[in-house]
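Could you walk me through this structure while I have it open in my viewer? I would like to know what to select at each stop and what is there.

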Amino acid sequence: MAIMTIRDAINETIREAMRRDKDVIMLGEDIAGGAGTAGGQEAIGGIWGTSVGLVGEFGPERVIDTPISESAIIGAAAGAALAGKRPIAELMFSDFIGVCGDQLINQIAKFRYMFGGNTRCPVVVRLIYGAGMNSGAQHSQAFYNLLTAIPGLKVALPTTPADAKGLMNEALMGDDPVMFFEHKALFGKKGEVPEGLHRVPFGHARMAREGGDVTIVAFGRMVSFAEKAADALAEQGIGCDVIDPRTTSPLDEEAILDSVEQTGRLVVVDESPPRCSMATDILALVSEKAFTSLDAPPQMVTAPHSPVPFSKELERAWVPSPDAITAAVRRTLDWG
Amino acid sequence: MQLSRDALLHAYRQMATIRQFEERLHEEIKTGQIPGFTHLYCGQEAAAVGVCEHLDNEDMIVSTHRGHGHCIAKGCDVTGMMKEIFGKRDGLCKGRGGSMHIADTTIGMLGANGIVGAGAPQAVGAAIAAKLDGNGKVAIAFSGDGACNQGTTFEAMNLAVVVGVPAIFVFENNHYSEHTGVGYAVGTSRDIASRAEAFGMKAWRANGCDFFDTYKVMGELLDYVRKEGKPAAIELDTERFYGHFEGDPQRYRAKGEVERLRETRDALKIYRDRVGEFGPVDMAELDAIDSETAAMIDAAVSEAQNAEPCDPAHVTEDVYVAY
C-alpha cells in the first residue's frame, strides 16, 4: 500500500480510470488550466491540484477546460452521459450548485425514472466543499444534505485517501449519477491507499473508532474532529463508536442503528446549519427505528443557523469543534 | 433540389402523423382521460420533420416541453407515446414521464424536457460524445423563442463554439413564449439567429411552416457541420395553432389569427402546394396517407384507453440503476 494524500488519491484514481476506460472524460473550470494563456494549457491542473497532469496524458478532448458556465458544465456532462460517456464534472466550489441547480436536481437526477428506466446517466460531479479556509459565505458551504434529499442522486463524501479512491472507483463503475463531495481542508490528509482497482461499495459505513459507550455519527471533515474527540474521551475511560457513513445516499442505516442499540447514546456531527440537515435526518432515523434503545436525548453538533462567516474568529466559532463534540458526548452520559 | 418519391412520401407521413396525433389529443383531453399539462405541436410540423428527415438513429436530439412532434419525427413509437400521455404502465416511459418527458435513447431521442432551456447544454454534451466517437454524428437542441432567452442556452452556444463540437441549435420561433409575444420578449428585434451569430457560429434562417424550405436549408447547415465539426444554428419561423397548453384561453391572440394561420401557414397545405416542384407525387397518395394515419391514430388511442393502468407498487422502481 502506498501512502498518499486524498488529493493524490483522487488524481491517481481518475488517471487509472481514464486509462482503463476511454469513455471517462472530465469537464470543469481550469481543470486543465491555463487554456488560451501564455502559460499553456497545463499551467494550473485544477485549482485543487486534483487534475494535475491529466490533460498532458489524455489531451484536451478528454480533459475539457470549460468557460465559467456551471449550468453548461453539468448539462453537457448529462448529455454526454446519455450519449454513452462517463463524464466527471467539477464544480470548483459546491456552493455553485445554486448556479446549476436545474441540471442537477431536475435533469440528471430524474432522467432514469421519468424516462421509464431506459436510460443511464453515469455522471460523477465533484463538488469541493467546506469551511475552514476563510473563503466566505459563498465558497464554504457543505451542501451534501441538499443533494441527499434528491431521489435519483447518490452522494459520497470520502474522508480518507483509501475511501477517496474506493468511492471514486465505485462512482465511475456504477451507472447512476454520483455527487462526490471533497472537503477542501482534507485534500492534504495522508493515508494508506490500496493498489489496483480498490472499490468501496456505497451504503456501507466505516467504523472509524469502536468504543461502545456513545455513538458518534459524523460527516466529511467532521469525522476527523469526532476521532479527535473520541481519542481524548478514551483517555478518560469513555469509549465512543465513531461512524463515518461515507455515503449519505444510500445511507447505511443498519450500522447506525446497530451501534445506537448497543450504546443507547447518540451524537451527530454535521458541518451544516441544523435545520433539515444530515444531523436532523439521523436523529429522525434513530427516533423512528431505535427509540426504545435510547438512554439519553440524542445530541446534534452542527454549525449555527447562519451563513459561513469570513473572519478567523467568526469562522472558528461557526465550524463545529472537537470540544463541542466532547461536550455533547458528556451531555448524553450526564443525562438523567 | 429533387427528392425521391420515398423521401417525399415519408416526410408527408411524418407531418400527417404529428398533425393527427395532436389534433386527436386536443379532442381526447376534453374527455378528461388525459391527466396533467399537454403542449401541442400543431402548426410546427415542418420544423421537426424538415430537421429530422436528415437524421438517422445515431444522430441525437433533445427536445422541449412541446416535444410530441420531435419525438414522432425522430421515430418514437406512436402507440407507446399515446399510452405514455394517457399515463399507462406500458407507455414509452412506463407512465412515469408523461407528455413532457418522453425519451427513447435507442433512437437518439435524448428526452423532451419540462424546463425551458435545459436541453441546450445537454445537446452540447452529446456533441462532445459524438466528436470523441468520431462517427460523424450530430446532436441537435430544439429550442423555442422562449428558451432563447435562458442563460443555459447562451452558455451552451458559447461552450459549443469554445470546444468545437457538432452541436446544432434549432430555434423554432412560433412567436409566443408561453403567453408573451416574441416582439416583447426577444430583445434582438425578434431575431434569434443573430444571437447565435454573436456567439461565433454560422446561422441559417428558414420558413418553419414549409417542409421544403426547412429541409433544404437544414441540409446546407448539416453539410457544414458534418464537414467542419463546428456548431451551427438555424431559426425556423413557424406557428403554433393551439395555446401554450391545452386549456389556455389564448386571450393574447388577435381576432381571427388562428384561422388566418391555418389558412396561410399550414405545413400540410404548403406541402401539397409545393410538392410538385420536388418530385412526382399524386394528391391521391397523400390522401391515402392521411387515411392510413387516421386509422393508426384511432388504433393508438383505443389501445391507450384500454391499456393497463400503472401499478402503485411500481412507484419507486428505476430511481436508480442500483441502490
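Start by selecting Thr66(A), which counts as buried because its relative accessibility is 10%, under the 20% that sets the limit for that label. Keep in mind as you look around that this is a predicted model. Thr66(A) sits in the loop that runs between β3 (63-65) and α3 of chain A. Now show what surrounds it: beyond the neighbours within four places in sequence, Thr66(A) is in contact with Leu27(A), Gly28(A), Glu29(A), Ile73(A) and Leu159(B). The last name on that list belongs to chain B, so let us turn to the contact between the chains.

**The contact between chains A and B**

Colour the two chains separately and select the residues that touch across the boundary. You should pick up 41 residues from chain A and 39 residues from chain B. Together the chains bury about 3,200 Å², with 63% of it on carbon and sulfur atoms. Within chain A, put Tyr113(A), Met114(A) and Phe115(A) on display: they lose the most area to chain B, together 20% of what that side buries.

How many residue pairs are in polar contact between chain A and chain B? The count is 19, with both residues at pLDDT 80 or more. On the side of chain A that touches chain B, the elements giving two or more residues are β2 (24-28), α3 (70-82), α4 (101-108) and α5 (111-114) of chain A. Of these, α3(A) provides the largest share, 9 residues. If you colour that side of chain A by residue type, you get 18 nonpolar, 14 polar and 9 charged residues.

**Helix α4 of chain A**

Next, select α4(A) and pick out Gly101(A), Gln103(A), Leu104(A), Gln107(A) and Ile108(A), which are buried. What covers these buried residues includes α3, α5, β5 (124-129) and β7 (178-183) of chain A, along with α5 (119-133) of chain B.

**A salt bridge across the chains**

There are 2 salt bridges between chain A and chain B. To see one of them, show the side chains of Arg112(A) and Asp318(B), which meet at 4.0 Å, N to O. This pair runs from Asp318(B), in the segment after α12 (283-306) of chain B, to Arg112(A) in helix α5 of chain A. Are the two partners buried or exposed? Both Asp318(B) and Arg112(A) are buried.

**Salt bridges within each chain**

Over all chains, the structure holds 49 salt bridges. For one inside chain A, select Glu227(A) and Arg206(A), whose side chains meet at 3.8 Å, N to O. Glu227(A) belongs to helix α8 (residues 222-235) of chain A and Arg206(A) to strand β9 (residues 206-209) of chain A, so the pair ties together parts that are 21 residues apart in sequence. Glu227(A) has a relative accessible area of 13%, so it is buried.

Then move to chain B and select Lys227(B) with Glu228(B): their salt bridge has its closest N and O atoms 3.4 Å apart. Here Lys227(B) counts as exposed at 69% relative accessibility, while Glu228(B) counts as partly exposed at 38%. Back in chain A, widen the selection to Asp163(A), Arg206(A), Arg209(A), Glu227(A), Asp231(A), Asp244(A) and Arg246(A), which salt bridges with shared partners join into one network.

**Backbone stops**

Which peptide bond is cis? Zoom in on the one from Ser249(A) to Pro250(A), where omega is near 0 degrees. Pro250(A) lies in the loop between β12 (247-249) and α9 (253-263) of chain A.

Now select Asn134(A), which is not a glycine but has a positive phi of about 50 degrees. Asn134(A) lies in the loop between β5 and α6 (144-148) of chain A, and counts as partly exposed at 25% relative accessibility. In chain B, Glu178(B) also has a positive phi, near 55 degrees, in a residue other than glycine. Find Glu178(B) in the loop between β4 (176-177) and β5 (180-181) of chain B; Glu178(B) is partly exposed, with a relative accessible area of 42%.

**Two annotated domains**

Finish with two ranges from UniProt. An unreviewed entry places "domain: Transketolase-like pyrimidine-binding" at residues 4-189 of chain A. That span is 34% helix and 17% strand, and its end C-alpha atoms lie 8 Å apart. For chain B, UniProt lists "domain: Dehydrogenase E1 component" (unreviewed entry) at residues 13-309. Over those residues of chain B, the chain is 46% helix and 11% strand, with end C-alpha atoms 30 Å apart.

Technical notes:
Residues numbered from 1 in each chain as written. Chains lettered and ligands numbered in written order. Predicted model: local features only at pLDDT ≥ 70, side-chain atom pairs only at ≥ 80, totals over all residues. Heavy atoms only, no water. Contact = heavy atoms within 4.5 Å. Buried area = accessible area lost by both parts, 1.4 Å probe. Polar contact = N/O pair within 3.5 Å; in protein donor to acceptor, adjacent residues only side chain to side chain. Helix = DSSP H or I, 4+ residues; strand = E, 2+ residues; numbered from the N terminus. Nonpolar A, V, L, I, M, F, W, Y, C, P; charged D, E, K, R; others polar. UniProt positions renumbered as here; feature names shortened; annotations may be inferred. Buried < 20%, exposed > 50% of the residue type's maximum accessible area, 1.4 Å probe, protein only.
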